[in-house]
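Student: Please take me through this structure one region at a time, and give the cut-offs behind each term when it comes up.

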Amino acid sequence: MNFEDLCSFVRGSQVFDMGVDLFPGMPHVPLHAPYGFTLNREHGDWMVEGGACSSVEAIFCTGHTGTHIDALSHYSKDLKLHGGIDAKSVQSKTEGMKAHGIETVAPFVQRGVLLDVAAHLKKEVLEGGFGIGPAELEAAAGAQGVRIGEGDVVLVRTGQFGHWPERDYYFQKSGQPGLNLAGAKWLSEKGIRMVGSDTYCVEVRPDPASPVHVHMLVEKGIHLLEIANLEELGRTRTFEFLFVALPLKIRGGTGSPVRPVAIV
């Protein structure tokens, strides 16, 4: 593609923003620290000649705040990270994870596929505890006329984002809808680079063993994207697109907030 073609593509593109706002009081995983924000320098605190001044904020959050990508160091199995690396030997309170840190993850510029399972099953939102397996994934892909290929980013819509940012986004008594282990294996066998969803965990809950996280992150080296706003993609029936997301280079981090976009 030459420069003129690139400019024409950009001018004619539609961009879908899948990231959420970060704000004090926003929902967070109960076991994680909440998001914090302060405007530690306000306009008027420091004036310069000519009347100019500026303001600066400080933020505090985990790498798993809002829309975010999991690094491969986020999970271990029997204290082993992806590739058999001993987790305890590469972790540090002050330096984070010395293997598979989020700073090692290359930007995502991939073909993206939306599998709108909720719409295919004619539901506004899948109920908590609903496990999405190969049958649901294959049926949705077939109905939408899309295929899943090697290196793709696959986004699974459950409708759960309709609860954001209310408290019951995290605290449904019945759990969360999401991939079950069979569904995760069906996707991983296709050689995808990442799977994401509009839920906070991608996989079905409750299941404290987190088998999908273990399978994807530890066994297969496939990243997870969580809390993605897939509503506009679903509403417009946009099932194939260019997916772009750039994790922050947080050295030793187990995840990173991101602002992913789909471009068509």
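Student: What covers the buried residues of α5?

Tutor: Buried here means under 20% relative accessible area, with exposed being over 50% and partly exposed in between (1.4 Å probe, protein chains only). Helices (H or I, at least four residues) and strands (E, at least two) are DSSP runs numbered from the N terminus, and contact means heavy atoms within 4.5 Å. In this predicted model, the cover of the buried residues of α5 includes β4, β10 (178-179), α4, β11 and β12.

Student: Which pLDDT do local features need?

Tutor: Residues are numbered from 1 along each chain as its sequence is written, and side-chain values use heavy atoms, with hydrogens and water left out. Because this is a predicted model, totals for chains, interfaces and linings use all residues, whereas side-chain atom pairs count only at pLDDT 80 or more and local features need pLDDT of at least 70.

Student: How many of the residues of α5 are buried?

Tutor: The buried positions in α5 are Val-212, His-213, Val-214, His-215, Met-216, Leu-217 and Val-218. The helix is therefore mostly covered, the count of buried residues being 7 of 10.

Student: What is the order of the strands in the open sheet?

Tutor: Two strands are taken to pair if DSSP finds at least two bridges between them. On that basis there is an open sheet of 9 strands with mixed pairing, whose order is β1-β15-β13-β7-β9-β11-β12-β4-β14.

Student: Which strands stand at the edges?

Tutor: A strand at an edge has a single partner strand, so one side of it is left without a neighbour in the sheet. The sheet also has a twist that averages 25 degrees from one strand to the next. The two edge strands are β1 (15-17) and β14 (255-257).

Student: Which residue of β12 does Val-195 stand opposite?

Tutor: Strand β11 (residues 194-197) runs parallel to strand β12 (residues 223-226), and 3 bridges join them; one of the paired positions in β12 is Leu-225, the bridge partner of Gly-196. β4 and β12 also pair over 3 bridges, but in the antiparallel sense, and there Asp-70 stands opposite Leu-224. Val-195 of the parallel pair likewise stands opposite Leu-224.

Student: Which residues point the other way from His-223 and Leu-225 in β12, and are they buried or exposed?

Tutor: His-223 and Leu-225 point one way from β12, and both are buried. Buried, too, are the residues that point the other way, Leu-224 and Glu-226.

Student: At what angle do α3 and helix α4 pack?

Tutor: Pro-134, Leu-137 and Glu-138 in α3 meet Ala-182, Gly-183, Trp-186 and Leu-187 in α4, a contact of 5 nonpolar, 1 polar and 1 charged residues (Ala, Val, Leu, Ile, Met, Phe, Trp, Tyr, Cys and Pro count as nonpolar, Asp, Glu, Lys and Arg as charged, and the others, Gly among them, as polar). Axes are lines fitted to C-alpha atoms, for helices over the stretch in contact, and angles run from 0 to 180 degrees between N-to-C directions. Angles under 35 degrees count as roughly parallel, over 145 as roughly antiparallel, 65 to 115 as roughly perpendicular and the rest as oblique, and α3 and α4 are therefore oblique to each other. Their axes are 8 Å apart, and the packing angle is about 50 degrees.

Student: How many residues are in the largest nonpolar core?

Tutor: A nonpolar core is a set of buried Ala, Val, Leu, Ile, Met, Phe, Trp, Tyr and Cys residues joined through side-chain atoms within 4.5 Å. Leu-137, Leu-155, Leu-179, Leu-187, Val-195, Leu-233 and Phe-243 touch the most other members of the largest core. A second, separate core has 11 residues, including Tyr-35, Tyr-169, Tyr-170 and Ile-227, whereas the number for the largest core is 48.

Student: Which residue joins Arg-205 through a cis peptide bond?

Tutor: One cis peptide bond runs from Trp-164 to Pro-165, with omega near 0 degrees, and Pro-165 lies in the loop between β9 and β10. For the bond at Arg-205, omega is about 10 degrees; its partner lies in the loop between β11 and α5 and is Pro-206.

Student: What is the phi of Ser-210?

Tutor: Ser-210 lies in the loop between β11 and α5, where it is buried, with a relative accessible area of 3%. Although Ser-210 is not a glycine, its phi is positive, at about 50 degrees.
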